[in-house]
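Thank you all for making time this morning. I would like to walk you through one structure, so please have a look at it before I begin.

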Amino acid sequence: MRTLLPVFAVFAVSAACSTTPPSRTVQGRLTGTSAQPLVLSETASGRQTATVAGAGGSFTIEVPTEQPVTLLVAEREGARVRVVRRIGPRWFVVKPGNLIELGTVRPVGTLPPELTPLEAPAPQICPAPAGQAELPYDAKVALGQTWRLADAFAEKGAQPARVVSVEMEGSTWRLAELRSGAAFTVTQADCDHVGNRDIGRDRAVITWENVDGSVETDHLDMRYCEADDASSSGSAGGTADAEAEAETCEHVDHEGCGDSGSTCDDDSELVEVEMPGACPAEGTSSPPIN
């Protein structure tokens, strides 16, 4: 007879760094947690992506699409990592698409605070497989800097076989250059224009085809006149990001599986599904969702 794991049994899961399944970016801001909590995405088989929340509890994480997954919030207690609650339904499925904005993520029973603009850190995920293109979260470009869309892909490594589309909601600033891939030089007008995210800031949704024929979509925030100098091409990087990325590619042993829930501003795209186990690896995966 099979024995289920106790609520606080320790089990090991690993971040998938060698191959990346189709995924969707989920973004939110935690409240009611300790400094620098972890957010863990786990499938029923134990496949994991992990990220460390940034300033103010903001997080961005990749969640696999078209398969049951659970999203957990954990805290470090010395050498232990303990799950304190889950986000959304215990098991859910997300369909392919663009960024999911959960907004503020609060412990159940907590009154929502006054909403403020969401400022998330760069996505902290494992490197893309060799030959696959990847975008950074944002491109910080300096006044007087010459920049093109290829520079954003170059920051992560490989270039795409082709850019399929570039779309911007509520703005057309530099859209022609982004679509054509043409180089442009940042002027004061770039710094001062009212973008779709803020002054001097626009978000573009970019779809591209990799050399292996796969197609991906991600967003890129253009942050004009925010770079320290003209040599910066938009990384949110530095030591902090390097440490956070290392976190995502390690095994994360944790206790618990999210007995308490959370309330989000909008978790409607986390579609609840029934699974036999409360924790990853307790049950078998469901058939693919059609």
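What follows is a short tour of one sheet, one disulfide and one covered strand.

Before the details, please keep in mind that this is a predicted model, in which local features need pLDDT of at least 70 and side-chain atom pairs count only at pLDDT 80 or more, while totals for chains, interfaces and linings use all residues. Residues are numbered from 1 along each chain as its sequence is written, and side-chain values use heavy atoms, with hydrogens and water left out.

Let me start with the sheet. Four strands form an open sheet of mixed pairing, in the order S9-S14-S13-S11; strands here are DSSP runs of E with at least two residues, helices are runs of H or I with at least four, and both are numbered from the N terminus. Two strands count as paired if DSSP finds at least two bridges between them. Strand S9 (138-141) and strand S11 (162-167) stand at the edges, each with a single partner strand, so one side of each has no neighbour in the sheet. Looking at one of these edges, S9 runs parallel to strand S14 (residues 215-224), and four bridges join the two; among the residues involved, Lys140 has Arg223 in S14 as its bridge partner.

From S14 we can move on to the disulfide, by which I mean a pair of cysteine sulfur atoms within 2.5 Å. How many disulfides does a search of the whole structure find? The search finds one, and this disulfide joins Cys191 to Cys225, with an S to S distance of 1.5 Å. The pair links distant parts of the chain, 34 residues apart, since Cys191 lies in helix H3 (residues 188-192) and Cys225 in the loop between S14 and helix H4 (239-248). As for accessibility, Cys191 is buried, with a relative accessible area of 11%, whereas Cys225 counts as partly exposed at 29%; buried means under 20% relative accessible area, exposed over 50%, and partly exposed in between, with a 1.4 Å probe and protein chains only.

Finally, I turn to strand S8 (residues 100-107), which is mostly covered, seven of its eight residues being buried. Strand S2 (residues 23-30) runs parallel to S8 and is joined to it by five bridges, with Ile100 in S8 as the bridge partner of Val26. Strand S16 (residues 262-264) runs antiparallel to S8, with three bridges between them. There, Val105 stands opposite Cys264 in S16, and Cys264 counts as buried at 10% relative accessibility.
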